[in-house]
Amino acid sequence: MNLVVISNRVARGAANEPMTGGLAAALLPVVEKSGAIWVGSSGRVRDGFQKEPFAEIEALGAGALAMLDLPAAHYGGYYEGFANSALWPALHSRSDLIRVTHGDYLSYREVNAFMARALLRFNKQDAAFWVQDYHFLALGAELRELGVTGPIGFFLHTPWPAHGLIEGVPHHRELIEAMLAYDLIGFQTEADRDNFLGYVKSNLELAVHDDVVISHHGKTRAAVFPIGIDAEKFAQSAAKAVTHPDVSRLRRSLNGERLAIGVDRLDYSKGLINRISAFDRMWTEHPHLLRSVSLLQIATLSRGAIEAYGQLQSDVAKLVSEVNGRHGEVDWTPIRYLNKGFGQAVLAGLYRTAQVGVVTPLHDGMNLVAKEYVAAQNPADPGVLVLSKFAGAANELDTALLVNPHDIDGMARTIATALSMPLTERRMRYETMMQRLRSRSIQQWFADFVEALRDCQTGRPAARTLAGTPAPWPLRSAGSAARYH
Ligand code: F6P
């Protein structure tokens, strides 16, 4: 199988550079090893008709990375418009934030069609396409229109919302019908898959048997593949990172004080206002924690051209400054608030330094920060994860301290509990979570999806591979990039 992976954002091979978003960072090491071609946006746009849309094709591990300049006339309507001001809010149960025009929808469809035309270059014998995320819901249908008959799969990294919410998206019916051109649709959790199938049954009135939908496109299987991380590798890099200058400076600056850490894109789905309010409440209700625990909140700026994000940036900055003003001292700052990104290696060291990891989104597909925080801990003296029950990760990391991110008092109490948890309990919780992380690695996620995609068209049931076994598809040899120039 010649695998072609498609996502809006792609990543290059520099592990120590800051990367925006979980998807690109998570895919990089596995795509590199698999020999797949990874196709995505170059981050630049181009005017007019493009005879050769690929700006760059370069080697990536055993495969290649191919980047496209997207059409300038449609980029805004596609990315800031339909993808992030209609689909993103609806998928995260915030239909109240939908702000979209018909032009945005047309641009979204144009970019999906443009990507499909560009992908034909890779439609060689035995090709299989694996489309990532909500930017390309209609890409499978566009590829079929162009005559592609091989396997096409799709994985949704975000949640799929509860009944009724997706109906806030204009053209939802047309789009979800288009999604049925995929042979396989992967979700992070069973709830996401069931919500999607609920829509297919009630709105499209299609029959679903054993999670397979039959439509005019043929059969589409909906299945659950919770995305993982390489826990061992992350643990090793956390142990090494303690000597990194940023990490050592942080440790020295703490003067024996304890630390809680939050690392998020600055997005309304991440629940930052509620989290900071919970710390405010905690310092008010438990004054002995003043000067003895502080919060390091890293919040990388994201999608700033969208009004809801601009507003959130100023709301969070204002709240942080109020809380620091209320509880701070001449020699103590309760919240260190940073808007810059860090590479994975430094982040691993920062996570290991913190006694509490706070991952409290209002709604999240998986949230890999939760998994990385656990993997980064010192097994002899691990920190405690405080995790929203509305993050996909809560299904696997159920020995974290689970919280309702809407309950500020409850979160304040739980963070205080985390800070006083005895070592034996911390180790027990950490070990259970590490076992889960090891048994569901990112390599396993990738291999399971590809295996299931292959089986969709051959009709064979998906066979699970054992953790740690090599990828079950033939690997390309290094240098495949050259063949596509
Ligand atoms: O949650 C899905 C996801 O693809 C994340 O991996 C990533 O954080 C985000 O959405 C995409 O963000 P951006 O708009 O910065 O590419």
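Analyst: A cavity is a set of points where a 1.4 Å probe fits but cannot get out. In this predicted model, the largest cavity holds about 60 Å³ of space.

User: How many cavities of 30 Å³ or more are there?

Analyst: The count comes to 3.

User: What makes a residue part of the lining of the largest cavity, and which residues line it?

Analyst: A lining residue has an atom within 4 Å of a cavity point. W160, P161, A162, H163, G164, I166, E167, N195, Y199 and N203 line the largest cavity. By class, this lining has 5 nonpolar, 4 polar and 1 charged residues.

User: Which residues come nearest to the ligand?

Analyst: The ligand has 12 residues around it, and R9, L23, Y79, D133 and R303 come nearest. The shell has 3 nonpolar, 5 polar and 4 charged residues. Helices α1 (22–34) and α2 (72–91) each supply at least two residues of the shell.

User: Why is the approach of Y79 to the ligand called a polar contact?

Analyst: An N or O atom in the Y79 side chain is 2.5 Å from an oxygen atom of the ligand. The limit for a pair of N or O atoms is 3.5 Å, so this pair is a polar contact. R303 places a side-chain N or O atom 2.9 Å from a ligand oxygen, and for R265 the distance from a polar side-chain atom to a ligand oxygen is 3.1 Å. Both pairs therefore also qualify.

User: How much of the ligand does the protein bury?

Analyst: Taken alone, the ligand exposes 400 Å², and the protein buries 90% of that.

User: How many aromatic pairs are there, and why is the pair of Y351 and Y373 called edge-to-face?

Analyst: There are 23 aromatic pairs. The ring centres of Y351 and Y373 are 6.2 Å apart, with 85° between the planes. Centres within 6.5 Å make a pair, and planes over 60 degrees apart make it edge-to-face, so both conditions are met. The pair links distant parts of the chain, 22 residues apart: Y351 lies in α11 (residues 344–353) and Y373 in α12 (residues 368–375).

How values were computed: Residues are numbered from 1 along each chain as its sequence is written. This is a predicted model: local features need pLDDT of at least 70, side-chain atom pairs count only at pLDDT 80 or more; totals for chains, interfaces and linings use all residues. Side-chain values use heavy atoms; hydrogens and water are left out. A residue is near a molecule or strand if one of its heavy atoms lies within 4 Å of it. A polar contact is a pair of N or O atoms within 3.5 Å; within protein, one must be able to donate a hydrogen and the other to accept it, and residues adjacent in sequence count only if both atoms are side-chain atoms. Accessible areas come from the Shrake-Rupley method with a 1.4 Å probe; for residues, only the protein chains shown count as cover. Helices (H or I, at least four residues) and strands (E, at least two) are DSSP runs, numbered from the N terminus. Ala, Val, Leu, Ile, Met, Phe, Trp, Tyr, Cys and Pro count as nonpolar, Asp, Glu, Lys and Arg as charged, and the others, Gly among them, as polar. On a 1 Å grid over the protein atoms alone, a cavity is a set of points where a 1.4 Å probe fits but cannot get out, and a pocket is an open set with protein on both sides within 12 Å along at least five of seven lines; lining residues have an atom within 4 Å of a point. Grid points are joined across faces, edges and corners, and a volume is the space filled by probe spheres set on the points. Rings of Phe, Tyr and Trp (its six-membered ring) pair if their centres lie within 6.5 Å; planes under 30 degrees apart count as stacked, over 60 as edge-to-face and the rest as tilted.
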